[in-house]
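Open the model in your viewer and keep the selection panel at hand. We will go stop by stop.

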Amino acid sequence: MRSLPTVFAAALLSLAGTAPAVADEGDGADRTFTIESSRITESSGLAASRTHPGVYWTHNDSEDGPYVYAVDSRTGKTVATVTMEGVGEPRDVEAISLGPDGNLYVGDIGDNLDGSWDHVWIYRFPEPERLADATVRATQFDVTYADGARNAEAMMVHPTTGRVYIASKNEDGGGLYEGPQELTAGGANVFRRVGEVPWVTDGAFSPDGGELVLRSYFSARRYAFEKGRLGAGHAVGVPLQGQSESVTYTADGSAMMFGSEGERSEVVRVEVEGHGDGDGGGDNKAPSSNGGGGGEPSGGGEDGGEGTKGTTTGGAVAVVVIVLALVAVKRRRG
């Protein structure tokens, strides 16, 4: 997704003071960290490596090329740049996910023209065993939707079945789309709508596949996931970020990592409630609140319940103002 309108970004920056500081103690892996590379300015997706502990795969948004980056959470430094060959020119790369087959899946699924492209793409290549700059041959898969073109920013590979899911992005709520049992090259892979979701900018399965987290600009929800379908969901606390674009679970499932676009963007650790002993080294907790689903950007946040560390009441009111400003800008442009 391209940068938000200037009025939106400025308003978000003005709200920065409403978010509590995040403690980032220690120098171990999987802590809150800052992406240091000047080359990564539009980090739009995150995937925790299973081969290299503490390493997160990410990529830029549109107009960067066929590149994927490995970032070490201990230092924020890029430890490998992978160049994909055998694929076309990426248009709008929005998501990355690691499958049970050991492959990285890269979702070129965004549509800055709001669903006017008749197909989008997924690229797949094995996660490198060695962290070093490399060129790899990737497989390209054509993707279409059974009910017509969609704009999407979230693509998730189930960690046990290997099935690929995409969550579309729409102001009035999107859909969860299920891909075929296996992707095939050389023909269209039709994704079919199997559930309803709120406004979504990214998503990720828990390592055991039993939960799916979906995030938006100001909120996130964790859903039970069973037999390929969404179950009950509840809101979780999220950090306030300038352009909230990505989320993944840590490899051990103890926390979620929330990322954002921008130069030297921060990836914030948020503990998963009820996981293990909950020792997060002082990082955010992810409190939950039972209740129905909500969407963005049409009604403000539902970011957790009592004790949520993402926004304050005043911040929530300001969010509504920001959203209205964004809608007004879009209408003027239209």
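The tour below runs through a sheet, some ring contacts and a cavity. One note before starting: this is a predicted model.

**Stop 1: the open sheet**

Select strands 2, 3, 4, 5 and 9. They make an open sheet of five strands, in the order 2-3-4-5-9. The pairing is mixed. Now look at the edges: strand 2 (45–48) is at one of them, and strand 9 (134–137) is at the other. Each has a single partner strand, so one side of each is left without a neighbour in the sheet. Ignoring direction, neighbouring strands here are turned by 25° against each other on average.

**Stop 2: inside the sheet**

Zoom in on strand 3 (residues 55–59) and strand 4 (residues 67–72). Their pairing is antiparallel and runs over four bridges. Which residue of strand 4 does W57 stand opposite? Pick A70: that is the one facing W57.

**Stop 3: two arginines over rings**

Show side chains for R39 and Y67. The charged end of R39 sits over the Y67 ring, 4.6 Å from its centre. Then jump to R91 and W121. R91 lies over the face of W121, and the distance to the ring centre is 4.4 Å.

**Stop 4: aromatic pairs**

Searching the whole structure gives seven aromatic pairs. Select one of them, Y165 with F225. How are the two rings arranged, by centre distance and plane angle? The pair is edge-to-face, with 5.4 Å centre to centre and 85° between the planes. Y165 belongs to strand 12 (residues 164–168) and F225 to strand 17 (residues 220–226), so the contact ties together parts that are 60 residues apart in sequence. Are these two residues buried or exposed? Both Y165 and F225 are buried. Add F205 to the selection: ring pairs link Y165, F205 and F225 into a cluster.

**Stop 5: the largest cavity**

Keep F205 selected and turn on a cavity display. Four cavities of 30 Å³ or more turn up in a search of the whole structure. The largest has a volume of about 240 Å³. Its lining counts 21 residues. Which of them lie nearest the centre? Select R50, L98, F205, T248 and Y249. F205 therefore appears twice on this tour, in the ring cluster and in the cavity lining.

Finish by colouring the elements that give two or more residues to this lining. They are strand 2, strand 6 (95–98), strand 11 (152–157), strand 15 (202–205) and strand 19 (244–249). Strand 2 brings you back to Stop 1, where it stood at an edge of the sheet.

Note on methods
Residues are numbered from 1 along each chain as its sequence is written. This is a predicted model: local features need pLDDT of at least 70, side-chain atom pairs count only at pLDDT 80 or more; totals for chains, interfaces and linings use all residues. Side-chain values use heavy atoms; hydrogens and water are left out. Rings of Phe, Tyr and Trp (its six-membered ring) pair if their centres lie within 6.5 Å; planes under 30 degrees apart count as stacked, over 60 as edge-to-face and the rest as tilted. Buried means under 20% relative accessible area, exposed over 50%, partly exposed in between (1.4 Å probe, protein chains only). A charge sits over a ring if NZ of Lys or CZ of Arg is within 6 Å of the ring centre and within 35 degrees of the ring normal. Two strands pair if DSSP finds at least two bridges between them. Axes are lines fitted to C-alpha atoms, for helices over the stretch in contact, and angles run from 0 to 180 degrees between N-to-C directions. On a 1 Å grid over the protein atoms alone, a cavity is a set of points where a 1.4 Å probe fits but cannot get out, and a pocket is an open set with protein on both sides within 12 Å along at least five of seven lines; lining residues have an atom within 4 Å of a point. Grid points are joined across faces, edges and corners, and a volume is the space filled by probe spheres set on the points.
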